[in-house]
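Let's take a walk through this structure together, starting with its pockets and then moving on to its charged pairs. Keep the 3D view open as you read.

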Amino acid sequence: MPTPMTRRGAEKLKAELQRLKSVERHAVIQAIAEARAQGDLSENAEYEAAKDRQGFIEGRIAELETKLSSAQIIDPAELHAEGSVVFGATVELSDEESGDVVVYQIVGDDEADLKLGMISVSSPIARALIGKEEGDIAQVMAPGGVRGYEIVKVKYT
């Protein structure tokens, strides 16, 4: 199943994969070699920690390779959604109750960072927004109950 992500998100994952393969993997191999040189491995905490770290790194490399191999790269600037909220769109919302205005870009799960205004396509608010257009009201189930957000503007950048 394809994993949607923006070009920026794919580049971020590629950079992490490159770092893990070229820097982290070699560092942990060196740490294992140094721990082995200390002798008895049965009571060697450094060896165990290095082996655990190696398992984590190899698992993360496999995970990133899988995600990137199934990635469906979406460039928001090339979208022709005619005002509809779709993956990659940047949406300006107005909270019906408070009038507060927020701006979110809908991105892949690995790219989401609320502090940067990037929400996961699988989040409740993104699911409520997908398919809506400017002027529509999106009802979002929040911890405090249902909240309404008016879609003020939809951009593809």
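A good place to begin is strand β6, which gives the most to the lining of the largest pocket, with three residues. Keep in mind that what you're looking at is a predicted model. β6 covers residues 137-142, and along with α3 (124-129) and β7 (145-155) it belongs to the elements that each supply at least two residues of that lining.

So what does the pocket look like from the inside? Its lining includes Tyr-104, Leu-114 and Ile-119, and further along the chain you'll find Val-140, Met-141, Ala-142 and Pro-143, plus Arg-147 and Tyr-149. Sort the lining by class and you get 10 nonpolar residues, one polar and one charged. As for the space itself, the largest pocket has a volume of about 150 Å³.

Now hold on to Arg-147, one of the residues lining the pocket, as it leads us to the charged pairs. Side chains of opposite charge can pair when their charged atoms come close. Arg-147 does this with Asp-95: they form a salt bridge whose closest N and O atoms are 2.3 Å apart. Arg-147 sits in strand β7 and Asp-95 in strand β3 (residues 90-95), so this pair ties together parts that are 52 residues apart in sequence. The two partners have different surroundings: Arg-147 is partly exposed, at 30% relative accessible area, while Asp-95 is buried, at 7%.

How many salt bridges are there in the whole model? The count comes to 10. Some of them share partners, and in this way Glu-16, Arg-60, Glu-63, Lys-67 and Asp-110 are joined into one network.

Let's zoom in on Glu-63 within that network. It forms a salt bridge with Arg-60, with the closest N and O atoms 3.1 Å apart. Glu-63 also forms one with Lys-67, and there too the closest N and O atoms are 3.1 Å apart. Why do these residues sit where they can pair up along the helix? Glu-63 and Arg-60 are three residues apart in helix α2 (residues 45-69), so about one helical turn separates them. Glu-63 and Lys-67 are four residues apart in α2, which again means a separation of about one helical turn.

What about exposure here? Glu-63 counts as partly exposed, at 34% relative accessibility. Arg-60, at 17%, counts as buried, and Lys-67 is buried too, with a relative accessible area of 17%.

Notes
Residues are numbered from 1 along each chain as its sequence is written. This is a predicted model: local features need pLDDT of at least 70, side-chain atom pairs count only at pLDDT 80 or more; totals for chains, interfaces and linings use all residues. Side-chain values use heavy atoms; hydrogens and water are left out. On a 1 Å grid over the protein atoms alone, a cavity is a set of points where a 1.4 Å probe fits but cannot get out, and a pocket is an open set with protein on both sides within 12 Å along at least five of seven lines; lining residues have an atom within 4 Å of a point. Grid points are joined across faces, edges and corners, and a volume is the space filled by probe spheres set on the points. Ala, Val, Leu, Ile, Met, Phe, Trp, Tyr, Cys and Pro count as nonpolar, Asp, Glu, Lys and Arg as charged, and the others, Gly among them, as polar. A salt bridge is a side-chain nitrogen of Lys or Arg within 4 Å of a carboxyl oxygen of Asp or Glu. Buried means under 20% relative accessible area, exposed over 50%, partly exposed in between (1.4 Å probe, protein chains only).
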